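Got the viewer open? Here is a short walk through the model, one selection at a time.

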Amino acid sequence: MLLIYCPYCEEERSELEFRQAGDAHIARPTNMTEMTDEDFEAFFFLRDNVKGLTFERWRHLNGCGRFFNAARDTVSDKFLTTYKAGLPRPDLSTLRPATEATVETYEATESNAK
Amino acid sequence: MSGANRIPGAGRLTPAKTARFFFDGKSYAALEGDTVASALLANGVHLVGRSFKYHRPRGIVSAGAEEPNALIGVERDAARKQPNVRATVQDVFDGMKVISQNRWPSLAFDVGAVNNLLAPFFAAGFYYKTFMWPKQAWKHVYEPQIRAAAGLGVSPTEDDTDHYSSRYAHCDVLVIGAGVAGLSAALAAAKTGARVIICDEQPEVGGALHYDKSVTIDGQDGYSWAQATAANLAKMDNVTVLPRTTAFGYYAQNFVGLNERVTEHLAKPDKKLPRERLWQVRAKRVIIATGAIERHMVFANNDRPGIMLASAARTFLNHFGVAVGKKVGVYTANDSAYEAAFDLKRAGITIAAIVDSREQPGEAVLAEARSLGIEVMVGYGVVDTGGKLRVSSMSVARNGGGSSRKIAIDALLVSAGWTPSVHMFSQSRGKVAYDAETQRFLPGTYAQDCLSIGACNGTNDLQATIEESLAAGELMSNASGYTAPEKLALQGVNAFSWTGGMAGAAEGAGPDTTVKAFIDFQNDVCAKDIRLAVREGMHSIEHIKRFTTNGMATDQGKLSNIHGLAIAAETLGREIPKVGLTTFRAPYTPVTFGTLINHSRGELFDPTRKTPMHALEEAQGAVFEDVGQWKRAWYYPRAGEDMHQAVNRECKTVRDIAGIFDASTLGKIEVVGPDAAQFLNLIYTNSWDTLKPGRCRYGIMLREDGFVYDDGVVGRMAEDRFHVTTTTGGAARVMNHMEDYLQTEFPHLNVWLTSATEQWAVIAVQGPKAREIIEPLVEGIDLSNEAFPHMSVREGKVCGVPTRLFRMSFTGETGFEVNVPADFGPAVWAAISERTEALGGCAYGTEAMHILRAEKGYIIVGQDTDGTVTPDDASLGWAVGKKKTDFVGIRGLRRPDLVADGRKQLVGLLTKDPAVVLEEGAQIVANPNQPLPMTMIGHVTSAYWSENCGRSIALALVAGGKGKIGQTLYVPMPDKTIAVEVSDMVFFDKEGGRING
């Protein structure tokens, strides 16, 4: 079970409190009635289903109730970061995992043990 | 006496504390603290089961969780029968009933053993190849037969009467395993003040110290040190010590599942105690100290009862005080087995010989063996064994062939070396790395915040393990900000350091294709089967595993996987890491469904929602139906009435007099704010600007694709306040839908949404006498038709409590919906109910409600629509604002397919025979005589007997339906074809005058 950082509550909470809500950064067009069929298809139906880094919406349903965005790796399931709805995509080069995922290896402790 | 093979003075159990248990009906003596395995061995019982495929006699192989063979059934009563329990981990309790499995008629004489003679026909892949034809026979003949013949224990047929509990826990450091490594790490972590949980699957801590009597730590006997350390840890406020607790699954972000067996070892458990407890632990850091598992040797007929792991024999002797035989042989490729021989020899047991497949055993153990006078055959192999229900001899030959010598034995201890238990590490998604020198897979690249220590990390030496563990405990606590007040040091001493080990087939497994040299005891997989799989073209270990079923039994190949892999690699002529290791998956050992399901069963499986008036309705005789999580009054039968009669009476009464209906489950959302109307304009297809406070409107909500999502009546309470109702089933998703748009697409709108579903009790009063019923109860509202017309809402009082009174109707009759705060619901229901009955009306349930609305052609979203229906398809086009420039779904409605001709449209159906009621879901065709498969042009969505119309009525989605009114269509059923006439959707009071009465 994942821990997800809610950018509104500003804390990590259990995955049980959240619901995924589809791809992020797809703004609803303001000129709905003027859209071509192709544009509407692209807006409403077509999604990338990315393997790797993806931007998606989550809702802290059983918490504050807010929708927010997340950058997540679909291979490792790891959340790289979460951010408030309406904010632009974060700069990927500065992205660090949302959890402090420094991994100690045996080699790191071995010197300690001696 | 607790068994003839109990050695006086040996072991750690108390001779005075005895227990009796039954094995296949026969009574045996045991000691408290015995496992079923140790107690049976104490009584000289080696034969405990039959193998899965060949029904070969099998005994006890191990003394721990890795046991592949000794699976038993434990029965407490008719409901509590646990199959496939490993005898090596189940404690004996007084009066326990144990049964053997997979044998008929008895363990010693098993008819299924004929499979052993037919073994040449049962090679790997036999089932796949043999039962291919005819295709149908697999499902109906072969599979049921094979399943009946093979298989393990039998599950109980009655409901489980035990209960299980669940607990969430958080800690800084979780230590999995409480052997020397785990205890040292926990000690170091605990001293820093970090919150520590340490668990171990065994009843007592100690791990390998159970059998290795030679160990001392800081001068204290190792096992005693372990118990004292655990006792000291348990006294600390920041430490939780959990024995009998298996870490079975390692999930994302250091989330670990533990299974604590609370009462499994007790004869008469306190009924208040759960049988097992599920711990869901979130740890900042995890220390994996799961040790290593000894492997058996792979040679001909290595599965006879009495052949067991050397370390197991040591455990039975040094912990349980049980000698596993009187004349014991040893076959090994590793030094560790020598120590088993030494311990047994010192306890007075004859060691027939130590057969060592290596040319160069460890010098220290060799010297010790000689000084104890034990014959060691260096460079020899056991090439066969004898004995029917227990091993009676081993045939020994020099490596490379030559004549063999038969040695009489009654037990044979084997060891091919140790497999580090990397299960938890691998489950954490860490990548294992192969160490060619020691032929082991060890933790390689870590994926989570954890650390492996001790034997599971490939550390063999005792002192090195202690130092590594103390350092790990401190380091992992540092991560949470704790530091050690002082450096801990412990001095561990043991007798021998071990060398050696091998993986794969030993001498005597033969290259030939008939020898049964078992790798996987539980699934009866032999060395030859792996070779066959490779010959047949399986080159990936994943394919070999599935073709042979190696490692796929309930023990998940704890003994067999490495042997299978080594044989596959040898046959393929490849390096072991090139063949690959299968993934370790949870659970580490079997976990009962009870533990996983926990409280979520029976009434607690899913929440039950009841309306405030539930108890009153129950008292009125209501029969309830499930609508999602809600219990809704379905109908109210009176004495002598069946459902049909009750529903007919309720329908008739509502139209003739009046009825009262509990509509509390309707979803209710309070939409408030200066931009509330503008928000609703975007969410609904209708316009809301024009709606005056005090008036209501029926609204349709679409998804962006243009299909109907939900509907309901919305009342405007004030300029900036709307009372929105939704369908019962749609309440939660409509709320989510609105929140989504408000938060993310229309955040500029100043609006608040509040779910009020459970805050209002809703009592619908419908029928010609509805006004007369409520009039005396209502204060402050003029109920006259002129002052309070259909589709209006007023605030006032009913029965002295505040109400939002709606004039609306889902029956086509004059109707009111009385909303009162939920707590007042029962009192108001009782008062209105009394008035209703006094005037000749009655309460009606959801079934009558469905019929009454269908008589008027009112749709139910989700029943008459299915996510592919547009407002126009449902004849609700009038509710779509033509002048609006935007609402959710406005563009979707204009998609070519949604405006095309021939769409399925909602229409009425009248059966030619008025007495016939159609079936909901039935398909509709234009021509019943067309060849199969017929072209289906629609289906029935609602169908009822209408007492008010005196005939059956139905609604249906029919392609081009509105253009087919008056035409005859057909509904083919299995027994007959029903002719129907297409009609409009209103069956009763077509003019609609009654609603304004």
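Start by colouring chain B by domain; keep in mind that this is a predicted model. Six ranges are worth setting up: domain 1 (1-159), domain 2 (165-292 + 420-493), domain 3 (301-416), domain 4 (510-584), domain 5 (665-760 + 778-825) and domain 6 (898-996). Note that domain 2 and domain 5 are each written as two segments. Now pick domain 3 of chain B and domain 6 of chain B: their C-alpha centres lie 83 Å apart.

Next, the nonpolar cores. The largest has 107 residues, and the members that touch the most others are Ala313(B), Val328(B), Val330(B), Ala341(B), Ile354(B) and Leu413(B). Centre the view on Val330(B). Leaving aside residues up to four places away in sequence, Val330(B) touches Ala310(B), Ala337(B), Ala340(B), Ala341(B), Ile351(B), Ile354(B), Val355(B) and Leu413(B). There is also a second, separate core of 102 residues, with Met613(B), Ala677(B), Ala843(B) and Val861(B) among them.

Now for a sheet. In what order do the strands of the open sheet in chain B run? Trace β42-β43-β44-β45-β41-β35-β46: 7 strands, with mixed pairing. At the edges sit β42 (778-779) and β46 (842-843) of chain B, each pairing on one side only. Then zoom in on β41 (residues 760-766) and β45 (residues 815-821) of chain B, an antiparallel pair joined by 7 bridges. To find one of these bridges, select Gln766(B), whose partner in β45(B) is Gly815(B).

Move on to helix α22 of chain B, residues 825-838. With 14 residues at 1.5 Å each, α22(B) should span 20 Å, and its end C-alpha atoms are indeed 20 Å apart, so the two agree. Which residues of α22(B) are buried? Show Gly825(B), Val828(B), Trp829(B), Ile832(B), Ser833(B), Arg835(B) and Thr836(B). Look down the axis of α22(B): the buried residues fall within an arc of 165 degrees, so they line one face of the helix. Past the helix, stop at Gly840(B), where phi is positive, near 95 degrees.

Last stop: the contact between the chains. Select 26 residues from chain A and 29 residues from chain B to see who takes part. On the side of chain A that touches chain B, α1 (37-44) and α2 (106-113) of chain A each supply at least two residues. The largest share of that side comes from α2(A), with 4 residues.

Key:
Residues are numbered from 1 along each chain as its sequence is written. Chains are lettered from A and ligands numbered from 1 in the order in which they are written. This is a predicted model: local features need pLDDT of at least 70, side-chain atom pairs count only at pLDDT 80 or more; totals for chains, interfaces and linings use all residues. Domain bounds come from an automatic or database domain assignment. The expected span of a helix is 1.5 Å times one less than its number of residues. A residue is buried if 20 or more other C-beta atoms lie within 10 Å of its own, exposed if 12 or fewer, and partly exposed in between; C-beta atoms are placed from the backbone. The arc is that of the directions from the helix axis to the C-beta atoms. A nonpolar core is a set of buried Ala, Val, Leu, Ile, Met, Phe, Trp, Tyr and Cys residues joined through C-beta atoms within 7 Å. Two residues are in contact if their C-beta atoms, placed from the backbone, lie within 7 Å. Two strands pair if DSSP finds at least two bridges between them.
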